[in-house]
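Trainee: I am new to this structure, and I would like a close look at a single part. Please take me through its cavities, one after the other.

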Amino acid sequence: MRELLLINISGPDKPGLTSKITEVLARYDVPVLDIGQSVIHNHLSLGMLIEVPKESVSAPILKDLLFTAHTLKLEIDFTPITTRDYHKWVGEQGKPRYLLSLLGRKISSEHLERVTTLVASHGFNIDAISRLSGRRPLKDEEDSGNTKACIEFSLRGAPANEEQFRAEMLEITDSLGIDIAFQEDNIFRRTRRLVVFDMDSTLITSEVIDELAKEAGSGELVAAVTELAMRGEIDFTESLKKRVATLVGLEESTLQTVAERLQLTEGAEHLFHNLHRLGFKTAILSGGFSYFGRYLQKKLNIDYVFANELEIVDGKMTGNVIGQVVDGKRKAELLEQIAATENIRLEQTVAVGDGANDLPMLGKAGLGIAFRAKPIVRETARQAISTLGLDAILYLMGFRDRDALEV
């Protein structure tokens, strides 16, 4: 009869604790079948599943472990595990695994309760919980507008109805003002290599066509059409032609004027600094205009830019777009084209956008993220970020704050 024991150890952490415990086990040549350890605010929690060797009995091992734990001021307890339970645990290793990320300016007990209740109701088991964001100073409690928090849950199992599960996640995000991302835990999540972005209302806070229209005196008309296009209520290409037509006669110098007042979205510089440091390729795939794409390319050191080209004759805009229009379909094609050029699998790509014309590329990418998106996009995309800045994308790619460098 095999004797299996689960050992749980807890107490104040300090260097050398784990080595002292394992020294006892090594003395008896004890096989360790599983081990896990975490430290929260200098408090250790260590678990080990051991098998008592056939030539030994457990009493001397337990006695020495108890004595060692006492001298280290640790609490220790032992739980017998049947071979049946052990084999059941081994069999569960083949179950699907997912990662659920909880993101917000700060995370409360209510957020955790709602999310963990949802997870349990759909049959998931939580294997691990990790904090990806850094510890926040207490003084920041008074000013949480610029803070960020992310807790990641490693889940085992699969929902019987994923569509229903995602609908309930969206309900929680709407009611509590947080974001929840749910993705499969696979090798591609840790090997992303290309990130592509929409430009207007994603990399920058405004829609460039609206800014140009203000200069041309057609601001209100164009803004209304832009809103309909981004919500997917009218055809993008037709809406683009209609809006650009209002710019006829606008001086070419207006492009520079508008470019200089563009505001980068929160977290953009921090995100690109770290993407480039880590060797990622980046691209702008925009239904906006190439002049502004190239302006941002220089500012953020972006590798590729594809956008629409305004026709300019004798220093003035004609009200036309020349060349192939970069619409939703074209964005998805360009994503594939860049990935092929860089010898990158689509599963290793990330796409970020806010409008209905971004949905094709969000669906094509390995990780598609609706960022501060229109309702139809947020409901359709598999991942969404609405509460934090662009650099929160790093969390969904598995990076912790301690992995990132500040600009």
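Mentor: Happily! A cavity here is a set of grid points where a 1.4 Å probe fits but cannot get out, and lining residues have an atom within 4 Å of a point. Keep in mind that this is a predicted model.

With that in hand, let us start with the second largest cavity, whose volume is about 40 Å³. Its lining is made up of Lys148, His270, Asp391, Leu394, Tyr395, Phe399, Arg400, Asp401 and Ala404. Sorted by class, these residues give 4 nonpolar, 4 charged and 1 polar.

How many cavities of 30 Å³ or more does the structure hold? There are 2, so now turn to the largest cavity, with a volume of about 130 Å³. Around the largest cavity you will find 15 lining residues. To find its middle, look for Asp200, Glu207, Phe236, Gly287 and Gly288, the lining residues that lie nearest its centre.

Next, see which elements the lining comes from. At least two residues each are supplied by helix H7 (208-216), helix H9 (236-244) and strand S10 (281-289). Of the contributions to this lining, the largest share is that of S10, with 4 residues. As for chemical class, the lining of the largest cavity has 6 nonpolar, 5 charged and 4 polar residues.

Note on methods
Residues numbered from 1 in each chain as written. Predicted model: local features only at pLDDT ≥ 70, side-chain atom pairs only at ≥ 80, totals over all residues. Heavy atoms only, no water. 1 Å grid on protein atoms, 1.4 Å probe; cavity = no way out; pocket = protein on both sides within 12 Å on 5 of 7 lines; lining within 4 Å. Points joined across faces, edges and corners; volume = space filled by probe spheres on them. Nonpolar A, V, L, I, M, F, W, Y, C, P; charged D, E, K, R; others polar.
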